[in-house]
Amino acid sequence: MSTKTTDIQIKTDNVYCPHCGAIQKKTENFCSHCGLSLHQKPGEKPGEKPSVKKPFYKKKTFMALLVIFVASASVAAVILYMGFSQDGQFKAKVKGIWQEVQKQNDELNKKASEMSKMDDFKEVALKIKTQEEIASDKQDELNKLKTSDTYRDGKEAFLLALSDYKGYLQALRAAADNPSKMTDQDVSEIENLADTSKTSFSKLFTKFDFLDKKLSDDTFNIVAKFQDVRSAYEKQLAFDEQTKAEQDRTAKQEADDKAKVESVVSSFMNAYIAGNQSELNKYMTPAFQKEFNYADLSSDARAYSYPESFRITTIKKNADGQYDIYGRELQVNRESGSKWTINRHFAVIWVQSDSKWYIDRWDIQGE
C-alpha cells in the first residue's frame with residue numbers, strides 16, 4: 001500500500017531571517033535580532049548592508065547631462081540673440097542705404113520733370129553724375145556689410161540692382177551731355193538698360209520686403225522727357241530757320257524790288273531829261289500816260305530852263321507792291337546858267353499782269 005505525500009502550505013505573517021534564522025514579521029525590512037536585511041538578494045554576502053537605490057535625478061550621469069544641456073541651451077540662446085541682433089543691424093543699415101539712394105533719385109526725377117529747354121540738359125547731366133557717385137558709394141558700403149545667410153541672397157540682389165542702375169545712369173548722362181547728337185539707337189539702348197535696371201530692382205524687393213517704398217516709374221522714363229525737350233527744340237529750331245529763311249527771302253525780294261523801283265524812276269527821269277516820249281512811256285501805267293503833259297518835253301517848254309539831272313533821295317515801301325520815291329531834279333537857267341532843284345515824288349506800283357513796276361503818278365513836293 002503506497003502512502004501519498006501531501007504538501008501542506010501554511011500561510012503565515014512571519015519569515016525567517018536568512019542570516020540568523022530568527023522569526024520576523026514580513027512587514028519588517030531588517031532583522032530585529034541581527035539587523036541585516038530580511039530581503040537579501042542572491043549572491044549578497046552575509047553581513048553586507050543593503051544598498052539603497054538613488055533617484056535618477058540624483059545620479060552623477062544625469063547631473064552631468066543636465067549641466068551640458070543647460071550650457072548648450074545658453075550658448076544656443078546667445079547665438080540666436082546675436083543672430084537676431086546682427087540681422088536687425090543689417091536691416092537698419094540696408095534701409096539707410098536705400099533711403100539715400102531713393103532720396104537722390106527723387107531729386108533727379110524732379111529735376112528731369114522741370115526740363116523745358118536745351119540748356120536744362122546741363123543741370124540734369126550734373127544731377128545724374130551725382131546720383132551715379134551715390135549709387136557707387138552705397139554699393140561699396142553695402143558690399144562691406146557683414147551678412148547672415150538669411151539675407152545673403154538679398155544682398156547680392158541689391159548689389160546687382162545698384163550695378164544695373166549705374167549702367168543705366170551712365171548711358172542717360174551720356175545722352176544728357178550731348179542731347180543734340182542723341183540718336184534713335186541711343187534712345188533704344190537707354191530704354192533697354194532702364195528695363196534691365198527696373199527688373200533688378202523688382203527682384204530686390206522680393207528679397208528685401210522691408211524696403212517698402214520703391215523707385216518711381218518716372219525714373220526709368222527720363223529719356224522720354226529728353227526726347228520731348230529735344231523734339232520741341234528741333235521744332236523751334238526748324239521754325240526759326242524757316243522764319244529766318246523767309247525773312248532772308250523777303251529781304252532779298254525787297255532789295256530786288258527796291259533796286260527795280262529805283263531803276264524804273266531813274267530810267268523814267270533820264271527819258272524825261274532827254275525829252276524822249278516813247279522811252280518815257282515804257283515806265284508809266286496807262287492811267288499816268290493819260291494824265292502826263294507831254295508838252296513839257298518840247299523845246300518851247302524848255303526855252304527858259306531845262307532839267308539837267310535827277311537824284312533819288314528816299315525810297316519808302318508803303319505796302320506790298322507800292323513804293324514812294326523821293327528825289328531832286330536839277331533845273332538850269334539857259335541864259336544865266338543858274339540852277340535850282342525841284343523835289344519830285346513818284347508813286348510806283350507793281351502790275352501783276354505785266355510782272356513789272358510802273359510809275360502811276362508824280363508830283364512836285366515844293367522847292
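In this predicted model, R173 and D177 form a salt bridge, with their closest N and O atoms 3.9 Å apart. The two residues sit 4 apart in helix α3, separated by about one helical turn. R173 is partly exposed, at a relative accessible area of 24%. E132 joins R173 and D177 in a network of salt bridges.

**Salt bridges**

- A search of the whole structure gives 18 salt bridges.
- Side chains of opposite charge can pair when their charged atoms come close.
- E234 and R230 make one such bridge, at 3.7 Å from N to O.
- Both E234 and R230 belong to helix α5, which spans residues 222–274. They are 4 residues apart, about one turn of the helix.
- The two partners differ in burial class: R230 is buried at 10% relative accessible area, whereas E234 is partly exposed at 39%.
- D320 bridges to K317, with the closest N and O atoms 3.3 Å apart.
- D320 is exposed, with a relative accessible area of 71%. K317 is partly exposed, at 32%.

**A buried lysine without a partner**

- K155 lies in helix α3, residues 152–177.
- K155 is buried yet has no salt bridge.
- Which side chain of opposite charge is nearest to K155? It is E156, 6.0 Å away.
- A salt bridge needs the nitrogen and the carboxyl oxygen within 4 Å, so the 6.0 Å separation from E156 does not qualify.
- Beyond its neighbours within four places in sequence, K155 is in contact with F90, L142, N143, L145, T147 and F208.
- Two of these contacts, F90 and F208, also appear in the aromatic cluster described next.

**Aromatic pairs**

- The structure holds 27 aromatic pairs.
- One of them joins W98 and F158 in an edge-to-face arrangement, 6.0 Å centre to centre with 70° between the planes.
- That pair links distant parts of the chain: W98 is in helix α1 (residues 60–113) and F158 is in helix α3, 60 residues apart.
- W98 and F158 are both buried.
- W98 also pairs with F205: the ring centres are 5.5 Å apart and the planes stand at 75°, so this pair is edge-to-face too.
- The W98–F205 pair again links distant parts of the chain, from helix α1 to helix α4, across 107 residues.
- F205 is buried, as is W98.
- Ring pairs connect F90, W98, Y151, F158, Y165, F201, F205, F208 and F210 into a cluster.

**Between helices α3 and α4**

- S202 is found in helix α4, residues 184–207.
- S202 and A157 are 45 residues apart in sequence, with their C-alpha atoms 9.5 Å apart in space.
- S202 counts as partly exposed, at 40% relative accessibility.

**Cysteines**

- How many disulfides does the structure hold? The count is 0.
- The cysteine sulfur closest to that of C34 is in C17, at 3.6 Å. A disulfide requires sulfur atoms within 2.5 Å, so this pair is too far apart for a bond.
- C34 is partly exposed, with a relative accessible area of 32%.
- C31 is buried, at 4%.

**An unusual backbone angle**

- S355 has a positive phi of about 55°, although it is not a glycine.
- S355 sits in the loop between β5 (339–351) and β6 (356–366).
- S355 counts as partly exposed, at 45% relative accessibility.

**The chain as a whole**

- The chain contains 7 helices and 6 strands.
- Their order from the N terminus is β-β-α-α-α-α-α-α-α-β-β-β-β.
- Of the 367 residues, 31% count as buried.
- Contacts between residues at least 6 apart in sequence join residues at least 24 apart in 54% of cases.
- The accessible surface comes to about 24300 Å², and 50% of that area belongs to carbon and sulfur atoms.

Technical notes: Residues are numbered from 1 along each chain as its sequence is written. This is a predicted model: local features need pLDDT of at least 70, side-chain atom pairs count only at pLDDT 80 or more; totals for chains, interfaces and linings use all residues. Side-chain values use heavy atoms; hydrogens and water are left out. Buried means under 20% relative accessible area, exposed over 50%, partly exposed in between (1.4 Å probe, protein chains only). Lys and Arg count as positive and Asp and Glu as negative; His and the chain ends are not counted. Contact means heavy atoms within 4.5 Å. Accessible areas come from the Shrake-Rupley method with a 1.4 Å probe; for residues, only the protein chains shown count as cover. Rings of Phe, Tyr and Trp (its six-membered ring) pair if their centres lie within 6.5 Å; planes under 30 degrees apart count as stacked, over 60 as edge-to-face and the rest as tilted.
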